[in-house]
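Biologist: Could you take me closely through one part of this model, the place where a charged side chain lies over an aromatic ring, and then follow the connections outward from there? I would like the pairings, the ring contacts and the unusual backbone spots in one connected account.

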Amino acid sequence: MKAGLPQNEPKTLVRWEEMRLYERIRESRKGAPVYVLHDGPPYANGPIHLGHALNKCLKDFIVKSKNMAGFDAPYIPGWDCHGLPIEIKVDQHLGGKKLQMKPVEVRLECRKYAQKYLDLQREQFKRLGILGGFDKPYSTMTPEYESVVIQTFYKFFEQGFVYKGLRPVYWCMHDRTALAEAEVEYENHISPTVWVKYRLQSDPRTIDPALADARIHGDKPVFTIIWTTTPWTLPASMAVAFHPTEEYVALEADDGIYIVAEKLAKTVAEKCGFPDAKTIARFPGKAMEHTWFYHPFLPWERRRILGVVADYVTMDTGTGVVHTAPSHGAEDFATGARYKLDPTCDVDAAGRLHNGLPEYDGLQVLKANEPIVSLLKSRGVLLHSENVEHSYPHCWRCHNPVIFRATEQWFISMETPMGGGTFRSRALDEIKKIKWDPAWGEERIANMVEGRPDWCISRQRVWGVPIAVFVCNACKKPLNDPLVNSRVVELFARSGADAWYMPESDLLTQGAKCPCGGSEFTKEADILDVWFESGCSYLVETANEANQPWPSDLYLEGGDQYRGWFQSSLLCSIGANGSSPYKSAATPGWTLDEQGRAMSKSRGNDVDPVDIANRMGGEIVRMWVASVDFREDVVGSENLMRRIETTYRDIRNKLFRYVLGNIYDFVPERDAVPFEKMEAVDQYILRQTAALAADVTRWYEEFAFHKIYQRVNHFVVVELSAFYLDIIKDRLYTYAPKSVGRRAAQTALWRIGEALVRLLAPIMSFTCEEVWQHLPKLADSTEPGSATGTTENSPHSPTGSRPESVHMARFPERRDILGSDDIPAEDPQQQTDWNTLRGVRDHVLKALEEARNQKHIGKSLEAQVKVTASDPFYPVLEKHKDDLRYSFIVSQVALERASRNGSGQLAVEVARAAGKECERCWNYSTRVGEDAKYPTLCERCGPVLRQLEAGDDGPPSNP
C-alpha cells in the first residue's frame with residue numbers, strides 16, 4: 001500500500017468505471033428502503049470552485065453513508081443549462097453576427113457552450129470521487145426535461161394561476177430583461193441622496209387652520225419635503241405618501257412652512273437649513289390624503305402630485321414623506337393602483353429616460369442623476385444633497401445595478417385560491433412540515449414566501465424554455481386550450497423546446513378558437529424564468545426515473561437557495577402535485593478565505609479543488625469538507641489543506657498501514673481468536689472500536705461529518721497509535737507467529753481495520769477502496785464477526801460473498817467488531833479498570849520522560865518502574881500486574897500497596913532495569929545468558945527461536 005494520491009486516485013476511478021461501480025451498488029440495493037437526495041443543479045458555465053466541492057462532497061458523504069447503512073440511495077446529478085449567463089457569453093462570442101441569426105441558431109450556440117461546461121464539471125466532480133449516475137444526468141436543456149417544464153407551466157396556466165399584466169419588476173438594464181427576486185443580489189452602491197420640497201397647491205385649511213393663518217399673515221408658502229436616493233425617478237413622481245397614523249408637524253421657517261414627520265423633524269430641519277424653525281401645527285398623516293402638490297420641475301398642466309397615505313412609510317430615516325413613482329416600485333405601484341395614478345413607464349429596456357425635459361431626456365437612468373440634481377438646484381427646490389453608500393440591488397449574473405421598471409410580464413399569482421386557502425398559504429403550510437437544517441431555515445423561507453410579490457416568470461431572452469402560449473390576434477388575450485397545450489408538450493418531448501422556434505409549432509393551433517371567436521394567433525416570445533425551470537427538477541426526475549418516491553428525502557444547497565431553488569421547487573411542486581418535493585432541507589455555509597472574505601477568482605483568494613486534487617489528492621479535498629461544520633461559513637486555504645494532509649497521513653500510516661503491515665500472515669478463517677480468549681487490552685480496544693462505530697454511524701445520520709473527522713482522528717492518534725498499537729508491538733514482533741497472544745492482537749487489528757475501512761469509506765473513498773483490496777479476502781459466507789462460521793454480516797452481499805468494492809459493503813455492526821451478538825457492547829468494570837490503568841500509565845510515562853531528560857535512562861525498556869498505590873489504584877494494578885510491563889513499555893514493574901492511610905495515593909519511581917538487554921526483544925532481563933544456545937536472548941525469546949528452527953512456530957490457530 002503506497003502513498004501517492006494524485007497518481008493512484010485516477011487509477012481507482014478507471015477501475016470504478018470498468019466495473020460499473022455505481023450500477024453495481026444500485027443492483028445490490030434493490031428491494032432496500034429508498035433514500036433520495038435530489039441534486040440541485042449547478043450552473044454549467046465554468047469550471048467548479050471550492051463551493052461546488054463542498055456541496056458535492058457533502059452529498060457524496062450522505063449518499064454513500066445511506067447506501068452503506070442499508071438503503072437504496074441513488075444519486076442522479078443534474079445541471080442547469082439555460083439562462084442569461086450562457087446567453088451573454090454566447091452574445092460576446094457572436095458579436096454583431098447574432099443579429100442575422102435565427103433564434104434556433106442562437107440556441108444551438110448556447111447549447112454547445114453549456115454542454116462544454118457540463119462535460120467539464122462532470123469530469124471534475126468525478127475526480128473528487130463523487131459517485132453517481134453521471135452517464136445519465138438530468139439537464140434542463142434536454143427534451144425530456146423541457147417537456148415536463150412546459151407541462152408544469154400549463155398546470156398553473158390552466159388552473160388560473162398565471163396572468164399577464166403591467167407591473168414593476170426588477171429590470172437589468174445591461175441584459176435588458178426582467179429578473180426574479182432570486183436573481184437579485186445586494187451590493188454596496190453610492191447614490192446621490194436629495195431632500196426636495198414639493199409646494200402645496202391645495203387650501204391649507206383642509207389640513208389644519210394654523211397652516212392657513214401662517215400662510216395668510218406671514219405670506220409663506222407651504223411645502224412638504226421628500227427624501228430619495230434615486231433622483232432619476234423624480235420625472236415619474238405621481239404622488240407623495242404619508243403614514244396615515246403617524247404625527248406630522250408644520251415647521252415655520254423664514255422662507256416657508258414645511259410639513260414633515262414629527263419623529264424626524266429635528267434631523268430634517270438641521271439638514272435643510274432651518275434648525276430654529278418652530279412648530280406651528282400637528283396633525284396625523286391622514287390629514288394629507290387627497291391634497292395636491294406641484295411637481296418640483298414639471299409644469300402643473302403636465303403633472304399634478306396627489307397626497308396619499310401608505311402604511312409602508314417608515315420613520316427610521318428620511319422625512320417621513322415618500323415620493324411615489326408607480327412605474328418604479330412595487331409598493332408605489334400598489335399605491336398608484338389604489339389611487340388610480342398613471343403607471344406609464346418612460347424608461348426603455350436599456351434604462352434610458354424618454355418624454356422628459358431636455359436636461360435629462362435620452363440619458364441612462366444612473367447617468368441622469370447628476371443633471372436632475374442640477375435641475376433641482378436651478379429650480380430652487382433642492383434643500384440638501386449628499387452621497388450615501390447603501391445596499392442596492394444588482395443583477396446576480398452581470399453584477400450591474402438594477403432598477404424597478406413597470407413592464408408587461410407574465411406572473412404567477414401568490415393569492416390564487418387553492419385548497420381552502422391561497423397558493424401562498426399552502427406554501428407556508430408545507431414549509432412547516434419540512435425539517436430544516438439548520439432550524440432557522442424554516443423562519444427564513446417562511447418570511448420570504450409570506451412577503452414575496454407575485455412570481456414574475458417571464459424573461460426577454462432566447463436561451464430557455466419558451467412560454468409556449470398563443471396570443472389571439474383579435475382580442476390580444478392568451479389562448480388557454482388544454483388540447484393545444486398537450487400538443488405543445490408532445491412536441492417538446494419529441495423535439496425539445498427548439499421546436500417553438502420552428503414552423504412545425506405554427507400548426508399546433510389548427511382547429512382552435514379563442515373565446516372571442518378569433519382563430520389567428522401569434523406565439524409568445526418570452527422565455528420562462530430559469531428558477532421555474534430548475535424548480536421542476538424533481539418533477540422531471542419522478543417522471544423519468546422508475547420507483548422514485550414522492551417526496552424526496554433531502555435537498556441540500558447553499559443559503560442563497562431559500563429565495564432560489566428551495567423556494568421555486570416548493571412552489572412548482574405545490575402547483576403541480578399539491579405538496580413539497582422534499583421532506584428536509586440542509587444548508588451549507590459560504591466558503592471564505594482565512595481573513596473571512598468570500599472567495600472569488602477576481603480577488604485571487606480562491607482555492608481550486610481540482611488543483612488540490614491534482615497536487616495533493618482528491619482525498620484531501622474530501623477530508624477538508626469532512627473537517628468543517630458545514631452549517632457554518634467555512635474557511636478554505638492552501639494552509640488548511642496542508643494541515644488536512646497531515647491528518648490524512650496519520651490515518652493512513654498509523655491506522656491502515658500499521659494494520660495491513662501486521663496481518664500479512666493472518667487468515668481469518670484459520671487464525672481469528674474468539675473474544676473470550678483475547679487478552680484484556682484486546683477486548684478493551686475492540687469495545688472502544690464498537691463505541692466509535694456507534695458514534696460514527698449516528699453522526700452519519702445527523703450529517704455531523706466534522707464530529708466523525710474529529711472522533712476518528714482522536715481514536716487513531718490517541719487510542720490506537722499512542723496506546724494500543726504501542727502496547728501490542730511486543731506481542732506482534734516477539735511472540736511465536738501462531739501463538740495465541742500474537743493471533744489475538746492480529747484478530748483485534750483485523751477487526752479494527754475492517755470496521756474503520758467501512759466507517760470511513762463515505763469520506764476517504766479512495767483510500768478505503770485501496771485498503772479494502774489489501775485486507776484478507778474471506779471465503780464465501782465467512783464473516784469478520786466469526787472465525788469460522790457464518791452470520792448475516794453487513795460487509796457482504798446477500799449471497800454471503802465479500803463485495804468487490806468497499807462502497808458495496810455495509811457499515812459494521814457490533815457483532816462484526818466483537819465477534820458475536822452475545823458479547824455485550826459494554827463492560828462497566830472493564831471500562832473502569834482501563835480508565836484507571838491508563839491514568840496510572842500517564843503518570844508512569846511522565847516519570848519515564850523525566851528520567852530520560854535527566855539521562856538516567858535512554859529508551860523506556862532500559863527502565864524498571866516501582867508503583868506504590870492505594871485504593872482505588874492498587875486492586876486494579878494487582879489484577880493486571882502481569883501485563884503492566886507491556887502497558888508501560890518497560891522491562892520490569894514492581895507493585896507495592898501504599899502503607900499510609902488514605903485513598904488516592906500513587907507514586908512512581910524509575911530506575912535502570914536489572915539484567916542485560918535481550919538482543920531480540922530489547923527487553924532487559926536477569927535471565928539473559930541462561931540459554932547456552934542463545935546466550936544473548938531472554939527467557940521469552942530463546943524458546944521462540946527453538947520452535948521456529950524446529951518448524952513449529954506456535955500452537956495451532958483458532959484456539
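Modeller: In this predicted model, K197 lies over the face of F223, at 4.5 Å from the ring centre. The strand that spans residues 184-199 is β6, and β7 covers residues 222-228, which places K197 on β6 and F223 on β7. These two strands pair in the antiparallel sense over 6 bridges, and within that pairing Y198 of β6 has T224 of β7 as its bridge partner. On β6 there is also a pairing with β15, residues 382-395, where 13 bridges join the two strands, again in the antiparallel sense. One point of that pairing is S191, which stands opposite V388 in β15.

Beyond β7 the chain enters the loop that leads to β8 (239-242), and T230 is found in this loop. With a relative accessibility of 17%, T230 counts as buried. Not counting residues up to four places away in sequence, T230 touches P192 and N369, and P192 falls within the residue range of β6. The C-alpha atom of T230 is separated by 40 Å from that of L479, which is 249 residues away along the chain. N369 also serves as a reference point for P42, since their C-alpha atoms are separated by 38 Å and the two residues are 327 apart along the chain. P42 itself lies in the loop between β1 (37-38) and α3 (50-68), and at 10% relative accessibility P42 counts as buried. Leaving aside its neighbours within four places in sequence, P42 has contacts that include H52, K56, W79 and F125.

A second charge over a ring can be set beside the one above: the charged end of R167 sits over the ring of F411, 5.4 Å from its centre. As for ring-to-ring contacts, the count comes to 43 aromatic pairs. Among them, F156 and F532 make an edge-to-face pair, with 5.9 Å from centre to centre and 65 degrees between the planes. This pair links distant parts of the chain, because F156 is in helix α6 (residues 143-158) and F532 in helix α14 (residues 530-535), 376 residues apart. Both partners are buried, F156 at 0% relative accessibility and F532 likewise at 0%. The rings of Y684 and W834, by contrast, have their centres 5.3 Å apart and their planes at 25 degrees, so that pair is stacked. Y684 lies in helix α21 (residues 680-702) and W834 in helix α26 (residues 828-853), so the pair ties together parts that are 150 residues apart in sequence. Y684 and W834 are both buried. Ring pairs also link W436, W440, Y555, Y562, W565, F566 and Y582 into a cluster.

The cysteines can be treated briefly, since the structure holds 0 disulfides. C395 is in no disulfide, and the nearest cysteine sulfur, that of C398, is 3.7 Å away; residue 395 is also where β15 ends. C395 counts as buried because its relative accessibility is 0%. The sulfur of C472 is 3.6 Å from the closest cysteine sulfur, in C516, which is too far for a bond because a disulfide requires the two sulfur atoms to be within 2.5 Å. C472 also counts as buried, at 0% relative accessibility.

Another buried side chain is that of R758, at 1% relative accessibility, in helix α23 (residues 740-759). A polar atom of its side chain lies 3.0 Å from the backbone oxygen of E754.

Finally, the backbone: most residues other than glycine have a negative phi, and most peptide bonds are trans. The peptide bond from W550 to P551 is cis, with omega near -5 degrees, and P551 lies in the loop between α15 (537-544) and β25 (552-556). The bond from D871 to P872 is cis as well, with omega near 0 degrees, and P872 lies in the loop between β29 (863-869) and α27 (873-879). K340 has a positive phi, near 55 degrees, in the loop between α9 (330-339) and α10 (365-378), and is exposed, with a relative accessible area of 76%. I889 has a positive phi of about 60 degrees and lies in the loop between α28 (884-888) and β30 (892-897), but I889 is buried, with a relative accessible area of 19%.

Terms used
Residues numbered from 1 in each chain as written. Predicted model: local features only at pLDDT ≥ 70, side-chain atom pairs only at ≥ 80, totals over all residues. Heavy atoms only, no water. Buried < 20%, exposed > 50% of the residue type's maximum accessible area, 1.4 Å probe, protein only. Pairing = 2+ DSSP bridges. Helix = DSSP H or I, 4+ residues; strand = E, 2+ residues; numbered from the N terminus. Contact = heavy atoms within 4.5 Å. Polar contact = N/O pair within 3.5 Å; in protein donor to acceptor, adjacent residues only side chain to side chain. Phe/Tyr/Trp six-rings, centres within 6.5 Å; stacked < 30°, edge-to-face > 60°. Lys NZ or Arg CZ within 6 Å of the ring centre and 35° of its normal.
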